[in-house]
Amino acid sequence: MFMWYQEASRNEKKTFLACFNGWALDALENQIFGLAIPLLLVYFAISEEQAGLLNSTTLVTSALGGWFAGALSDQYGRVKTLQIMIIWFAIFTFMAAFVTDYYWLLVLKALQGFGIGGEWAAGAVLMAETTSSQYRGKVMAIVQGAWAVGWGLSILLFSVVLSLVPENIAWRIMFAVGLLPSLLIFYICRHVQEPEKQIVAVQKTQDKQSIAQAMFGIFSPSLIRNTLLGGLIGFGAHGGYYSIMSWLPTYLTKECNLSMFNSSLYLAVIIFAFWCGCMASSVLLDKIGRRFNIVLFAICCVITVRIYLLVPLTNTQILFLGFPLGFFAAGIPASLGALFNELYPQQCRGSGVGFCYNFGRILSLIFPFLVANMSASMSLGSSIGIYTSWAYSIVVISVLMLPETKGRDLNQINPDGQISDK
């Protein structure tokens, strides 16, 4: 599985480490909020709908940040944009530790989301352009597995902090940890190089097009089909993921009657399984292709979610079923980095990847909100299960309408999004 690392150049290895750690820290900061929701409900005396609004607002701004940062990376370079976005989300996560008002928290979560979406867009394109087509699917999936690493660290840190300090202080300490990603900037500045192809592209386009032109170029007649279908895949993938993961800690504490501390074990199983799913996807992507891999994991995820949430289970059964739940939930996001990069030419790749992966978050914001809304008339588990199934069905239909992109040489994709013979 890691044979590619032995064959990689020093620059490829350093870029991988930067992107892997950046995405892990993204996950750490993002998952802290999901863990803190039960505490925030009490501290700010807010409803589940208001907590859902916090999450939905973050999804909207992360989508805008991803699209904008993607275009920024087309215009000024992948590495520079990655640095800007990492420092952005680190600062605003840290500032959230000091809020005393719900609406200020809403503002800071919105600003944090802008940086999180932007970091993924710049990092994903940088990693894809640095890696050979032979190993691109594998490497992109392994980088996606960093999400499980950051997620696991958030559970570990939250459990430790919660055992040492009162609940009304614990969530503040966790948000303050958000300043840590800023340290990654020093490593990137010293070790990570801009892809040579992008240096040439920046020199050619910087004075010829604005950021707005870079953002909307993906809607040209030759690229709009890829853009719309990619956006739908992002919509379904994020809708399914956030329907489950945004509310899972609350589900375990409210409907399974687990304490915040005990629910950590259940989440740990899912997180470990998520990492295993990314590793399995890293092997399958370059063997069976992008499309079939996504369809396989989406269908299996729907089946598992419906059993996990809609069938009466004991807490022990829920614990063990957490492994297939996390495993199958990983396969779709682990596939998207490779797929989206292989749909776009050099001059608008960042914008295209940023839009497809992140703009789906704007549309998918309705899912966590609807889950909270529907939970007023039915169980939270039933609400999560229904909306997750709808979301992943959209993924299956959309990805089957795209061409298979396995093995594409990014340098041979022409401005029309097709493979050049040259």
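Q: Why is Arg290 called buried?
A: Its relative accessible area is 0%. Buried means under 20%, exposed means over 50%, and partly exposed lies in between, using a 1.4 Å probe and protein chains only. Arg290, at 0%, therefore counts as buried. This is a predicted model, in which local features need pLDDT of at least 70, side-chain atom pairs count only at pLDDT 80 or more, and totals for chains, interfaces and linings use all residues. Residues are numbered from 1 along each chain as its sequence is written, and side-chain values use heavy atoms, leaving out hydrogens and water.

Q: How do you know that Glu342 and Arg290 form a salt bridge?
A: Their closest N to O distance is 2.6 Å. A salt bridge needs a side-chain nitrogen of Lys or Arg within 4 Å of a carboxyl oxygen of Asp or Glu, so the pair qualifies. Arg290 also meets Asp286 in a salt bridge, at 2.9 Å.

Q: What makes the Glu342 and Arg290 pair a tie between separate parts?
A: Glu342 lies in the loop between helix 16 (315–341) and helix 17 (349–364), while Arg290 is in helix 15 (residues 290–310). The pair therefore ties together parts 52 residues apart in sequence. Glu342 is buried too, with a relative accessible area of 0%.

Q: Which other residues are linked in a network of salt bridges?
A: Asp74, Arg78, Glu129 and Arg349 are. Within it, Asp74 and Arg78 bring their closest N and O atoms to 2.6 Å. Both of these residues are buried. The whole structure has 6 salt bridges.

Q: Why does Arg172 have no salt bridge?
A: The nearest side chain of opposite charge, Asp101, is 10 Å away. Lys and Arg count as positive, Asp and Glu as negative, and His and the chain ends are not counted. The 10 Å gap is outside the salt-bridge limit, so no bridge is assigned. Arg172 is buried all the same. It touches Tyr43, Ala97, Phe98, Val99 and Thr100, leaving aside residues up to four places away in sequence. A touch, or contact, means heavy atoms within 4.5 Å.

Q: How many disulfides are there?
A: The count is 0. A disulfide requires a pair of cysteine sulfur atoms within 2.5 Å. For Cys276, the nearest cysteine sulfur, that of Cys278, is 9.4 Å away. For Cys300, the nearest is that of Cys301, at 8.7 Å. Neither distance meets the limit, so neither cysteine is in a disulfide. Cys276 is buried at 16%, whereas Cys300 is partly exposed at 22%.

Q: What makes Gly113 buried?
A: Its relative accessibility is 0%. Gly113 sits in helix 5 (residues 102–130). It touches Thr58, Thr61 and Ser62, not counting residues up to four places away in sequence.

Q: How many helices and strands does the protein have?
A: There are 19 helices and 0 strands. Both are DSSP runs numbered from the N terminus: helices are H or I with at least four residues, strands are E with at least two.

Q: Which residues form the nonpolar patch on the surface?
A: Val149, Leu153, Leu156, Leu157, Val160, Leu164, Phe272, Trp275 and Phe323 do, with about 800 Å² of accessible area together. That area comes from the Shrake-Rupley method with a 1.4 Å probe, and for residues only the protein chains shown count as cover. Patch residues have over 30% relative accessible area and no salt bridge; nonpolar side chains (Val, Leu, Ile, Met, Phe, Trp, Tyr) are joined within 5 Å, like charges within 9 Å. Leu153, at 40%, therefore passes the area test. Helix 7 gives the largest share, 6 residues.
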